[in-house]
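Biologist: I'm new to this one, so could you take me slowly through a single part of it? I'd like a close look at the place where protein and DNA strand meet.

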Protein chains: 4
Amino acid sequence: MTTSTLRGLAALRENERDARRTLIMDAACSLFAKKDFKQVTVREIAKQAGVGVGTIYNYYASLDELFFDIFLKHASDIQQRLYSQAQQKNATLHDLCALYVEYLCTHIPFYQIMSHFMLGGDLMPAATEKLNHIMRQLMDHLEDTLKKTGPCEDSRITAHALFAALNGIMISYARYPGRNDDEILAHTRRLALRMADIFAKAPAG
Amino acid sequence: MTTSTLRGLAALRENERDARRTLIMDAACSLFAKKDFKQVTVREIAKQAGVGVGTIYNYYASLDELFFDIFLKHASDIQQRLYSQAQQKNATLHDLCALYVEYLCTHIPFYQIMSHFMLGGDLMPAATEKLNHIMRQLMDHLEDTLKKTGPCEDSRITAHALFAALNGIMISYARYPGRNDDEILAHTRRLALRMADIFAKAPAG
Amino acid sequence: MTTSTLRGLAALRENERDARRTLIMDAACSLFAKKDFKQVTVREIAKQAGVGVGTIYNYYASLDELFFDIFLKHASDIQQRLYSQAQQKNATLHDLCALYVEYLCTHIPFYQIMSHFMLGGDLMPAATEKLNHIMRQLMDHLEDTLKKTGPCEDSRITAHALFAALNGIMISYARYPGRNDDEILAHTRRLALRMADIFAKAPAG
Amino acid sequence: MTTSTLRGLAALRENERDARRTLIMDAACSLFAKKDFKQVTVREIAKQAGVGVGTIYNYYASLDELFFDIFLKHASDIQQRLYSQAQQKNATLHDLCALYVEYLCTHIPFYQIMSHFMLGGDLMPAATEKLNHIMRQLMDHLEDTLKKTGPCEDSRITAHALFAALNGIMISYARYPGRNDDEILAHTRRLALRMADIFAKAPAG
DNA sequence: TATGAATGAGCTTTCATTCAT
DNA sequence: AATGAATGAAAGCTCATTCAT
């Protein structure tokens, strides 16, 4: 058996491993549609994924790690979308805000997980680093867009504020009691656009 | 025994009852300092409060009810502070934003509970109504302040946006991993002020 | 204050005490209509009776004692009815059986309590003695009726058998799943009459 | 691994599973000797069985299900015995009655559980069906024996009456206060035989 | 590597009983 | 005598995690 064959096998195995992880993540996500992510149990995930309970622990050291992985996947997903949007001509701050909030609004579990880790979860150092990396990228993107929109002296802090403001729309209105999904989507979208308006006119600082 | 004596006794008992409720709430809050509010158990609260487990159920039908009561108490508290601030001369949007965010920042458990109920908690109808009432009051207050700050056509939606933006500061930075409490307080305060700047210049809509 | 006055007062108090006990028993019985007697709580009884929880313990040392008192009351009640029936001309074994089973069938909680004490309850000596006394009276009554019905050498054991047989109708059919109350009453009644037939022709032994 | 090996393994597992269920049932039954079956707790059963608490819930969804399973096992057991007895030559109604009552008398917990489900327990539909099935079988057996014993027009209702009468012996005398086990066994046996006498001479109806 | 039965600490909640008023 | 708030042991049950196969 040659070295290159070994490398090929290893790659294959790595691929398989990733496929399994994705399988498990997807199973978990599909359960989030039905219930609060904190109520989803390992057993349910295993059943949904069609694997044994123990198998999950071959891929994740704990449930929290699985949840964090799901978070990363979504974060990467949204980054991708924002980047794609930016590639298009004339993409404005409005578009960015709308895209971001719509994404959150249609991926509530992602938002719940993010909240979980930001408000109470104790992340491991490795996770913290990854989180910071993602945040920095996102913040860069926001800052760039803000700069294109208008002059802004302290653009970094404004980017932070914008990020906060958009997240806040979710926490404040994503499950407003007594409103249905369509009403909520309409309201959050409207707020996102208003937020873009306001930040577009943000004073130089 | 005269009528007035009876009334006195009843009042005393009512006071005592309130004192006990406060005792229990305070015990719960003090535990929130150490762990996520969802991880706090009845037993711990009872021990902290120096009462029996059963006693708690003499005052609250369930843990969720206790948590909601804590939420109400804090919501009322912050309303009070905002109102007091507004009474003072020259209270600005900056002051309001700073006060609100500082309050949240120094009462994280309150924010966690709010998030819990807003993101996933199933509130009973009575609770929902109370929640809506509080929200309306707060929104009125924000709207008033915005109007005083400058012309604003669609001031209600702007108030909603401001509320969301301030809450978002918390979710986004209140427990930013790798920073200590002072740094976080400084950062959130700075963001609150920047947010006030931005909203003060909000376009008429 | 004279001795006779004191005696009058004492009697008054005794009456009042009995009235209270009856009040409590009736409250408990009215709750039995809604749920299994084992599920009825002291709190509920107190509320239904319009007295404080502690008051019940002024009249009964424990819940079991209350239940036993209820049992005694019903036992006495049914004795009374059987006795009245016997006073009438031409009262037959059929009448006795029908009356007994109908009584049980319309007083299921009584039957449940009886079962509770016979199958598992540890009675205090005093209670045991009372129970035996009642049983002896009932057995005498059954024996007398059997003797009137026909010659029967070992009439005592036959009385025991009849008593057992009638109770058995209840345990076996009082809550037969899938049948409504009327059907059950009809079936148990029919069985009671058949039982009377059979025992009326009981061999001399 | 061949198909037959797999089948072997599956069978082994099924056997193991049954063995575990039996282990748990036996543990529960052995506790019934000491206390009312309603007072037996999951923890006690687990300890007695030498397994963890959670293990029990791997085999039964609830305590009630375990109890019902115990009931089924005993019901099946007694059916078996009655059937075996019937196979022998000259098995009479006396033999049947004696066997049934003796079985109940030496398996009081079974009788308690039966009473529990018959008097108050809410059975699931599936359980009700099983219960009815068993009852029908037993009743068929009683009816057959009665027919062999003598002419009997309405033999079904007489079978019902006999079943009730035998059960009644238990509820009425199985734990008669003040008598020891031997006395009780002797008395119930005597009553069972008397009952057989009486039913053997049952009028045609 | 995949499995899933076993585990037991841990949860919320109930409720008979007590006792200070 | 009447009260009802306080109590805490005890209940049934859950579920993340482990580990022998």
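Modeller: Happy to. Let's start with the DNA side: of the atoms of DNA strand F within 4 Å of the protein, 66% belong to sugar or phosphate, and the rest belong to bases. Keep in mind as we go that this is a predicted model.

Now turn to the protein side. There are 35 residues around DNA strand F, and the ones that come nearest are B:T55, B:Y59, C:T55, D:T41 and D:Y57. Sorted by type, the residues of this surface split into 16 nonpolar, 12 polar and seven charged.

One of those nearest residues, C:T55, is worth zooming in on. An N or O atom in the side chain of C:T55 sits 2.4 Å from a phosphate oxygen of DNA strand F. Two other contacts to phosphate use the backbone instead. In chain C, a polar backbone atom of C:G52 is 2.9 Å from a phosphate oxygen of the strand. Over in chain A, a backbone N or O atom of A:V42 lies 2.8 Å from a phosphate oxygen of DNA strand F.

If you'd rather think in helices, here are the elements that give two or more residues to the surface near DNA strand F:
- from chain A, α2 (42-49) and α3 (53-59);
- from chain B, α3 (53-59);
- from chain C, α1 (3-32) and α3 (53-59);
- from chain D, α2 (42-49) and α3 (53-59).

Since α1 of chain C is on that list, let's pick out a residue in it. C:L9 is found in helix α1 of chain C, and it is partly exposed, because its relative accessible area is 32%, between the 20% and 50% cut-offs. Follow chain C along for 92 residues and you reach C:V101, whose C-alpha atom is 42 Å from that of C:L9.

Chain B has an α1 too, residues 3-32, and B:L31 has its place there. This leucine is buried: its relative accessible area is 8%, which is under 20%. The C-alpha atoms of B:L31 and B:L138 are 28 Å apart, with their positions 107 residues apart along the chain.

One last stop in chain B is a pair of helices. Helix α4 (residues 63-87) packs with helix α5 (residues 93-106) at an angle of about 155°, and their axes are 10 Å apart. That angle is over 145 degrees, so α4(B) and α5(B) are roughly antiparallel to each other. Their crossing is right-handed.

Terms used. Residues are numbered from 1 along each chain as its sequence is written. Chains are lettered from A and ligands numbered from 1 in the order in which they are written. This is a predicted model: local features need pLDDT of at least 70, side-chain atom pairs count only at pLDDT 80 or more; totals for chains, interfaces and linings use all residues. Side-chain values use heavy atoms; hydrogens and water are left out. A residue is near a molecule or strand if one of its heavy atoms lies within 4 Å of it. A polar contact is a pair of N or O atoms within 3.5 Å; within protein, one must be able to donate a hydrogen and the other to accept it, and residues adjacent in sequence count only if both atoms are side-chain atoms. Helices (H or I, at least four residues) and strands (E, at least two) are DSSP runs, numbered from the N terminus. Ala, Val, Leu, Ile, Met, Phe, Trp, Tyr, Cys and Pro count as nonpolar, Asp, Glu, Lys and Arg as charged, and the others, Gly among them, as polar. Buried means under 20% relative accessible area, exposed over 50%, partly exposed in between (1.4 Å probe, protein chains only). Axes are lines fitted to C-alpha atoms, for helices over the stretch in contact, and angles run from 0 to 180 degrees between N-to-C directions. Angles under 35 degrees count as roughly parallel, over 145 as roughly antiparallel, 65 to 115 as roughly perpendicular and the rest as oblique. A crossing is left-handed if the near helix is turned anticlockwise from the far one by less than a right angle, and right-handed if clockwise.
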